[in-house]
Number of protein chains: 2
Amino acid sequence: MPFDHLPPLLRTSSSKIVLLVLDGLGGLPIEAGGPTELEAAKTPNMDRLASEGALGQATPIRPGITPGSGPAHLALFGYDPLEYEIGRGVLESVGVGLQVKAGDVAARGNFCTLNEQGNITDRRAGRIPTAEAIPVVEQLKSISLSGVTTEVRHVKEYRFAIVMRGEGLNPEIDDTDPQRTGVPPLSAIPRSPAADHTADLFNQWIAKARQALADNQKANGLTLRGFATDPNLPTFQDSYGLNAAAISVYPMYKGVANLVGMEVIDFKGETPEDEFNALADVWQEHDFFFIHIKKTDSKGEDGDFAGKAQIIESVDRALPALLNLNPEVLIITGDHSTPAKMRTHSWHPVPFLLWAPATVRSDVQSSFGESACARGGLGNISSMDTLPLALAHAGRLEKFGA
Amino acid sequence: MPFDHLPPLLRTSSSKIVLLVLDGLGGLPIEAGGPTELEAAKTPNMDRLASEGALGQATPIRPGITPGSGPAHLALFGYDPLEYEIGRGVLESVGVGLQVKAGDVAARGNFCTLNEQGNITDRRAGRIPTAEAIPVVEQLKSISLSGVTTEVRHVKEYRFAIVMRGEGLNPEIDDTDPQRTGVPPLSAIPRSPAADHTADLFNQWIAKARQALADNQKANGLTLRGFATDPNLPTFQDSYGLNAAAISVYPMYKGVANLVGMEVIDFKGETPEDEFNALADVWQEHDFFFIHIKKTDSKGEDGDFAGKAQIIESVDRALPALLNLNPEVLIITGDHSTPAKMRTHSWHPVPFLLWAPATVRSDVQSSFGESACARGGLGNISSMDTLPLALAHAGRLEKFGA
């Protein structure tokens with residue numbers, strides 16, 4: 001349970017909570033003294049919510065720590081990433097839409113180049129481009145093993161994910177990547193006897209994959225790493241008494257939401273309007289809604305300051321459709337910062353807006369941006385405070401003690 | 001390890017970090033509404049750094065806790081003083097420049113006055129002044145024991161420190177101070193059989209000391225307390241991957257720096273200029289520099305508001321020599337507050353300035369002072385966040401998770 005003190009306090013309520021996550025929302029000015037991406041964006045709706053609500057800045061994991069997407073979302077959902085770990089194989093698999101259930105074993109795969117002696121000459125198969133790698137992954141999909149099924153999916157460039165399903169599987173297996181060239185890939189070696197059978201199955205799969213790939217120029221070998229199974233995270237229902245829905249365009253975030261027991265909503269389209277329409281469609285069936293906007297992060301990673309600001313503006317324009325649903329609590333924040341100036345995730349705290357007309361203690365800030373958030377009424381918080389604050393403002397928590 | 005999650009994230013870098021500590025920097029206005037010492041001081045250089053960087057206020061240990069110098073520095077270095085403890089004997093010894101290595105046993109000593117029956121009449125030997133105590137300490141230096149060596153050094157007034165070195169020593173020994181007058185000092189009593197031999201050696205030493213001091217009027221007896229050995233703190237190298245140097249005029253701070261594995265730099269002089277010149281001399285050999293300015297605290301303890309402000313101004317005037325070295329990260333803060341108005345350490349949070357031109361999220365503050373820091377972009381932080389923030393802004397941390 002992320003917060004052991006919460007479940008005894010949970011109160012039934014018909015209130016609705018929306019957590020709107022603009023991935024990589026936090027930014028930096030391009031030039032000293034200038035605005036950040038969020039400050040440069042024209043966001044009249046968010047500014048009104050900022051006036052009516054309270055602002056703060058959220059630290060995703062710990063001060064100074066730059067989070068990956070998996071840990072950053074775990075933190076937003078209230079699960080301390082230093083305590084709850086999602087194995088690499090699982091993260092990569094759910095990231096491309098593969099389900100990983102209890103008992104399944106997932107791994108991340110890298111294509112590599114082998115010479116005639118079977119030694120690795122390039123650990124990333126010359127970083128073959130995605131277009132070239134997709135047909136190679138197709139060659140792996142036809143491999144069959146006795147007693148288990150495998151699902152393989154391309155990730156990006158030389159990377160793919162594999163999930164094995166069957167009875168008695170165990171993920172305690174070492175990586176097969178020797179971490180250097182001039183030697184052959186390692187076998188899948190079990191770390192405990194309980195994983196002997198699983199390692200044997202992966203070695204059979206690897207042997208068949210080697211045959212299937214033999215004629216390729218670059219991707220004629222592979223390594224596997226990060227063997228892991230469903231981390232068995234406590235669910236949103238058990239942790240917070242919430243029947244949660246996830247609305248996301250990208251598989252990775254659907255996957256993490258699924259791991260904490262959210263229902264992942266299928267919908268058409270990929271714009272903020274499309275996502276808010278999907279929200280309206282399932283509004284009656286759930287009481288918590290995680291909505292994920294990806295492109296703020298993508299533009300940040302591209303170093304596209306103006307593009308990131310435009311994505312924020314497009315979310316702002318679409319907001320009335322969300323507000324028309326009259327949620328009791330709306331939180332707008334990011335999972336981490338991705339300043340366009342840095343072209344990568346960063347450790348800087350994330351702007352945090354809490355709007356809850358009936359219960360929020362409003363502050364004096366009247367626009368949504370990093371500077372206003374740094375002086376906001378919520379002060380410095382941890383991203384892990386998000387759910388407890390949401391539950392409280394939604395009237396979903398009883399008093400602790402007499 | 002102060003932060004177990006940091007070592008796996010450490011990244012090699014040529015970036016340089018400077019932690020400039022003005023001891024007891026935090027202050028209070030003499031009259032309500034007036035400036036603090038830092039606010040009264042003219043600090044054009046620090047104000048410029050404040051404009052370009054971000055401010056916050058740091059709590060050394062926990063809210064409301066007034067730290068001693070040892071715990072305050074441990075916190076700044078990232079070691080939670082509630083978890084990592086340096087024994088009094090060690091702190092007092094390193095404070096006067098005695099080295100305490102693994103296996104040594106250090107203790108703090110108090111001179112006391114004994115009557116003819118050997119009972120204590122004054123537990124602090126009439127608080128004999130330093131000038132009077134120094135020759136008394138000299139009398140103790142000639143004591144020799146079989147199989148071990150001892151080093152004794154005067155601390156202040158009636159206080160001294162002793163370090164015993166040899167094979168098989170163990171610090172689990174109770175204080176010999178009975179905490180009242182009218183009774184004799186206690187013997188050194190071992191708390192476990194492993195310390196029998198060590199207690200026996202200290203009792204031999206005490207007996208010889210009594211003989212040596214017998215003719216003194218006031219300081220004719222002594223008590224020992226705080227028996228302790230090297231706390232074996234994780235090093236800066238292991239915790240942060242930093243090759244750290246310490247530049248300090250006072251032995252106490254050199255000692256604490258030494259305990260966390262910093263190289264203590266020898267240099268001539270005692271002004272801020274002298275310290276910054278020493279910094280320049282070793283700039284190429286290290287990547288982290290702890291610079292300690294003592295006199296802000298001394299003036300605070302003297303109740304000398306103007307004197308403390310002048311010391312701050314003298315540091316500000318010398319700053320260009322430091323800035324010319326182009327550190328990637330410069331943090332200016334204190335270990336704790338020492339308001340001249342209170343003439344003692346206090347629990348008030350400490351002004352904190354983070355300057356890192358390439359990576360800092362600047363705030364709107366433009367001067368370095370308590371009020372500006374209370375509204376700074378870093379918000380309220382823990383002094384223990386100093387190193388993680390420094391590492392992040394210096395580009396020395398990889399992303400956590402995928």
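How many residues of chain A are in contact with how many residues of chain B? That is where I would like to start today, and I should say at once that what we are looking at is a predicted model. In this model, 27 residues of chain A are in contact with 21 residues of chain B. On the side of chain A that touches chain B, the elements that give two or more residues are helix H3 (69-76), helix H4 (88-95), helix H12 (370-374) and strand E13 (379-382), each of chain A. If we sort the residues of that side by character, we find 12 nonpolar, 11 polar and four charged.

Let me now step back to chain A as a whole. Its secondary structure comes to 13 helices and 13 strands, and of its 402 residues, 53% count as buried. The C-alpha atoms of the chain fill a box of roughly 70 × 50 × 40 Å, taken along the principal axes. The radius of gyration is 23 Å, which agrees with the value near 21 Å that a compact globule of 402 residues would have. The domain assignment of chain A gives domain 1, made of 7-86 + 233-393, and domain 2, made of 106-228, and the centres of these two domains of chain A, taken over C-alpha atoms, are separated by 36 Å. It is also worth knowing that, among contacts in chain A between residues at least 6 apart in sequence, 73% join residues at least 24 apart.

Next, the sheet. Chain A has an open sheet of eight strands, with mixed pairing, and its order is E9-E8-E10-E1-E11-E12-E2-E13. Strand E9 (263-264) and E13 of chain A stand at the edges, and because each has a single partner strand, one side of each is left without a neighbour in the sheet. As general background, strands of a sheet pair through backbone hydrogen bonds, either parallel or antiparallel. At the E9 end, strand E8 (residues 244-248) of chain A pairs with E9(A) in the parallel sense over two bridges, and there A:Ala245 stands opposite A:Glu263.

Which residues cover the two faces of strand E1 in chain A? On one side are A:Ile17, A:Leu19 and A:Val21, on the other are A:Val18, A:Leu20 and A:Leu22, and all of them are buried. E1(A) runs parallel to strand E10 (residues 288-293) of chain A, joined to it by six bridges, and it also pairs in the parallel sense with strand E11 (residues 329-333) of chain A, over five bridges. A:Val21 shows both pairings, with A:His292 as its bridge partner in E10(A) and A:Thr333 as its bridge partner in E11(A).

Finally, I would like to turn to chain B. Helix H8 (residues 251-259) of chain B is mostly covered, with seven of its nine residues buried, among them B:Met252, B:Tyr253 and B:Leu259. The buried residues of H8(B) pack against helices H3 (69-76) and H4 (88-95), and against strands E8 (244-248), E9 (263-264) and E10 (288-293), of chain B. Just after H8(B), B:Gly261 takes a positive phi of about 85°.

The largest nonpolar core has 248 residues, and those with the most contacts inside it are A:Leu353, B:Leu353 and B:Leu354. Setting aside residues up to four places away in sequence, B:Leu354 touches B:Gly53, B:Ala54, B:Ile331, B:Val360, B:Leu378, B:Leu389 and B:His393.

Note on methods: Residues numbered from 1 in each chain as written. Chains lettered and ligands numbered in written order. Predicted model: local features only at pLDDT ≥ 70, side-chain atom pairs only at ≥ 80, totals over all residues. Buried ≥ 20, exposed ≤ 12 C-beta atoms within 10 Å, placed from the backbone. Helix = DSSP H or I, 4+ residues; strand = E, 2+ residues; numbered from the N terminus. Contact = placed C-beta atoms within 7 Å. Core = buried A, V, L, I, M, F, W, Y, C linked by C-beta atoms within 7 Å. Domains from an automatic or database assignment. Rg over C-alpha atoms; globule rule 2.2 N^0.38 Å. Pairing = 2+ DSSP bridges. Nonpolar A, V, L, I, M, F, W, Y, C, P; charged D, E, K, R; others polar.
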